[in-house]
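Here is a friendly walk through one protein model, written for someone who works at the bench. Please keep the sequence and the structure open beside the text as you read.

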Amino acid sequence: MKHAYRIETERLVIRCYNPSDAPLLKTAIDESLEHLIPWMPWASNEPEEIQVKIDRLRMFRGEFDLNRNFVYGIFDPDEKFLIGGCGLHPRIGFNALEIGYWIHANHIRKGYGTEIAAALTRVAFEVEKVKRVEIHCDPKNIGSASIPKKLGYTHEATLKNRTLNYKGESIDSMIWTIFYNEFFESEIRKKKIKAYDAIGNIFLQ
């Protein structure tokens, strides 16, 4: 089965991380900490040493190659800057994937989150062949919650005390869902992307 190691949208490159991306990742996170900490519990452990980033990206790459978890970096077209991170995560059950994303503080409010989520939705259904895709977010994160709404996801529930914030406190979680039959009839299918396999062959556009 092929997997999308590289995805190109109209403005972005979304690709599997390499350990050599560690300096770009560290810079992007360090510059965005104030923006990330309220919404991303992992950000409370930052800043980290560069070697920690290298080791983590090696782990991400290993999990990607073993089809266990698909974590991507988000780059400008020339791949000189890291604009954020995202992923397709198989942690929500059989035949389903959860989309996660974060954006560099200097690149918010540019529509990148919607562009990324649309691309990953296409990959989830058309490449990974799942039946359900979800996006989870803090109800207080209005910007993040607006993304699945724009894309035609359904707000199925807001679950009480379902996850932890950066302070270790229990908080609610919004669950947004789209099923394959809904995707098939949605505008997301018209979003222009190119997907490439591990050796650079294009197989979705």
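Let's begin with a cysteine. Cys86 is buried, because its relative accessibility is 5% (buried means under 20% relative accessible area, exposed over 50% and partly exposed in between, with a 1.4 Å probe and protein chains only). Cys16 is buried too, at a relative accessible area of 3%.

A word on the basis of all this: the model is predicted, local features need pLDDT of at least 70, side-chain atom pairs count only at pLDDT 80 or more, and totals for chains, interfaces and linings use all residues. Residues are numbered from 1 along each chain as its sequence is written, and side-chain values use heavy atoms, with hydrogens and water left out.

How many disulfides does the structure hold? The structure has 0 disulfides, where a disulfide is a pair of cysteine sulfur atoms within 2.5 Å. The closest cysteine sulfur to that of Cys16 belongs to Cys86 and lies 11 Å away, so the two are too far apart for a bond.

**Two helices that cross**

Helices (H or I, at least four residues) and strands (E, at least two) are DSSP runs, numbered from the N terminus. Helix α1 (residues 22-30) packs against helix α3 (residues 50-65) at an angle of about 115°, and their axes are 9 Å apart. The axes are lines fitted to C-alpha atoms, for helices over the stretch in contact, and the angles run from 0 to 180 degrees between N-to-C directions. On the α1 side, Ala22, Pro23, Leu25, Lys26 and Ile29 meet Ile50, Lys53, Ile54 and Leu57 of α3; contact means heavy atoms within 4.5 Å. By class, this α1 to α3 contact has 7 nonpolar, no polar and 2 charged residues. Here Ala, Val, Leu, Ile, Met, Phe, Trp, Tyr, Cys and Pro count as nonpolar, Asp, Glu, Lys and Arg as charged, and the others, Gly among them, as polar.

In the loop between α2 (33-36) and α3 you will find Pro47. A cis peptide bond joins Glu46 to Pro47, with omega about 0°.

**A helix with a buried face**

Which residues of helix α5 (residues 142-150) are buried? They are Ser144, Ala145, Ile147 and Pro148. Viewed down the α5 axis, these buried residues fall within an arc of 145°, so they line one face of the helix; the arc is that of the directions from the helix axis to the C-beta atoms. Their cover includes β5 (96-103), α4 (112-126), β6 (132-137) and β8 (170-179). Ile142, Lys149 and Lys150, on the other side of α5, are exposed. Just after α5 comes Gly152, with a positive phi of about 90°.

**Positive phi outside glycine**

Two residues other than glycine are set out here with their positive phi values.

| Residue | Phi | Location | Relative accessibility |
|---|---|---|---|
| Glu79 | near 60° | loop between β3 (70-75) and β4 (82-89) | 23%, partly exposed |
| Asn161 | near 50° | strand β7 (residues 154-164) | 53%, exposed |

**A meeting across the sequence**

Asp197 sits in the loop between β9 (194-196) and β10 (202-204) and counts as buried, at 11% relative accessibility. Asp197 and Ala4 are 193 residues apart in sequence, yet 5.2 Å apart in space, C-alpha to C-alpha. Setting aside neighbours within four places in sequence, Asp197 is in contact with Lys2, His3, Tyr5 and Phe203.
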